[in-house]
Amino acid sequence: MDTISIITLPPSRWSEYKALRLQALENDPAAFATTYQEDAAMPDLQWQDRLQNSEGQKSYMLFAQCEGKVIGMVGALLEQGACVEHKATIVSVYVQPEYRGQGIAKTLMQAIMQLLQANKKIVHVQLTVNSDNASAIKLYESVGFKKVGLLEKLVKVGDDFIDGYMMVNILDKGK
Ligand SMILES: CC(C)(COP(=O)(O)OP(=O)(O)OC[C@H]1O[C@@H](n2cnc3c(N)ncnc32)[C@H](O)[C@@H]1OP(=O)(O)O)[C@@H](O)C(=O)NCCC(=O)NCCS
């Protein structure tokens with residue numbers, strides 16, 4: 001197996017992030033909360049801003065890199081405001097099809113959970129996943145998430161609705 005490193009991307013590499021996100025939306029449109037068309041129309045500055053802000057103030061964004069190419073990613077959005085700043089939401093979990101089944105998503109998830117564990121404010125980590133996405137559900141369970149509820153008609157793909165699960169991982173910060 002080629003060596004995989006887990007990295008953050010500087011804003012100057014925004015076009016690689018955009019290309020990976022658009023590929024994810026093209027390959028697995030039902031797995032994400034935006035469409036290819038919506039993200040393709042997003043201004044360059046917004047991609048740069050997302051990477052700029054992904055060092056733990058508003059979000060974290062990690063990428064898996066193989067031979068200089070980004071081949072996977074995971075993000076966490078941090079809620080703002082005193083009543084909710086203990087909460088983070090996992091987003092943008094994706095590994096390119098040819099690299100799947102090698103533990104890369106699990107390594108990405110473990111790495112972002114370490115960042116969240118190290119962030120003193122974060123206690124509640126949540127995510128949503130389509131109920132038919134067995135590989136993602138197993139992945140999340142393998143890093144401590146539990147299903148806490150069924151979300152009827154979570155996403156709309158074309159004219160069809162797909163149910164999903166809310167999954168939560170409560171971090172033990174000794175309180
Ligand atoms: C879900 C996804 C990120 C998994 O990536 P991956 O790198 O292949 O996952 P890993 O190899 O790290 O596997 C981690 C765990 O996921 C589960 N898993 C992965 N692929 C699986 C499959 N095809 N069937 C069943 N379980 C699977 C396993 O439990 C595995 O743990 P194990 O190796 O201890 O058995 C990848 O399939 C993907 O990008 N899918 C499309 C986008 C998507 O659905 N994202 C999630 C949105 S909520």
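In the predicted model, Tyr 60 is placed opposite Ala 76 of strand β3. This pairing belongs to a set of eight bridges that join β2 to β3, the two strands running antiparallel. Together β2 and β3 make up a hairpin in which two residues lie between the strands, and Glu 67 in the turn adopts a positive phi of about 50°.

On its other edge, β2 (residues 59–66) is joined to β1 by four bridges, again with antiparallel strands. Within this pairing, Ile 4 stands opposite Cys 66 of β2, and Ser 5 has Gln 65 as its bridge partner. Both contacts form part of an open sheet of seven strands, arranged in the order β1-β2-β3-β4-β5-β7-β6 with mixed pairing. The edge positions are taken by β1 (4–7) and β6 (146–157); each has a single partner strand, so one side of each is left without a neighbour in the sheet. Direction ignored, neighbouring strands of the sheet are turned by 25° against each other on average.

The environment of β2 is one of burial. Eight of the eight residues of β2 are buried, so the strand is largely enclosed by the rest of the structure. In a regular strand, side chains alternate between the two faces of the sheet. In β2 both faces are covered, with Ser 59, Met 61, Phe 63 and Gln 65 buried on one side and Tyr 60, Leu 62, Ala 64 and Cys 66 buried on the other. Helix α1 (residues 14–27) lies across β2, β3 (69–78) and β4 (87–95), and runs at about 90° to β3.

Ser 59, a residue of strand β2, illustrates this setting in detail. Its relative accessibility is 10%, and because burial is assigned under 20%, Ser 59 counts as buried. A polar atom of the Ser 59 side chain lies 3.0 Å from the backbone oxygen of Asn 53. When neighbours within four places in sequence are left aside, the contacts of Ser 59 comprise Arg 50, Asn 53, Ser 54, Ala 76, Leu 77 and Leu 78.

Aromatic side chains were also examined. A pair of aromatic rings is described by the distance of the centres and the angle of the planes. By the pairing rule applied, the count comes to four aromatic pairs. For Phe 32 and Tyr 94, the ring centres are 6.3 Å apart and the planes stand at 65°, so the pair is edge-to-face. This pair links distant parts of the chain, since Phe 32 lies in the loop between α1 and α2 (36–40) and Tyr 94 in strand β4, 62 residues apart. Phe 32 and Tyr 94 are both buried. The rings of Tyr 140 and Phe 145 have centres 6.2 Å apart and planes at 65°, so this pair is edge-to-face as well. Tyr 140 and Phe 145 are likewise both buried.

One aromatic cluster is formed by Tyr 17, Trp 47 and Phe 63, the last of these being among the buried residues of β2. Trp 47 also has a charged residue over its face: Arg 50 lies there at 5.3 Å from the ring centre. Arg 50 is, in addition, one of the residues in contact with Ser 59. A further arrangement of charge and ring involves Lys 147, whose charged end sits over the ring of Tyr 165, 4.5 Å from its centre.

Notes: Residues are numbered from 1 along each chain as its sequence is written. This is a predicted model: local features need pLDDT of at least 70, side-chain atom pairs count only at pLDDT 80 or more; totals for chains, interfaces and linings use all residues. Side-chain values use heavy atoms; hydrogens and water are left out. Two strands pair if DSSP finds at least two bridges between them. Axes are lines fitted to C-alpha atoms, for helices over the stretch in contact, and angles run from 0 to 180 degrees between N-to-C directions. Contact means heavy atoms within 4.5 Å. Rings of Phe, Tyr and Trp (its six-membered ring) pair if their centres lie within 6.5 Å; planes under 30 degrees apart count as stacked, over 60 as edge-to-face and the rest as tilted. Buried means under 20% relative accessible area, exposed over 50%, partly exposed in between (1.4 Å probe, protein chains only). A charge sits over a ring if NZ of Lys or CZ of Arg is within 6 Å of the ring centre and within 35 degrees of the ring normal. A polar contact is a pair of N or O atoms within 3.5 Å; within protein, one must be able to donate a hydrogen and the other to accept it, and residues adjacent in sequence count only if both atoms are side-chain atoms.
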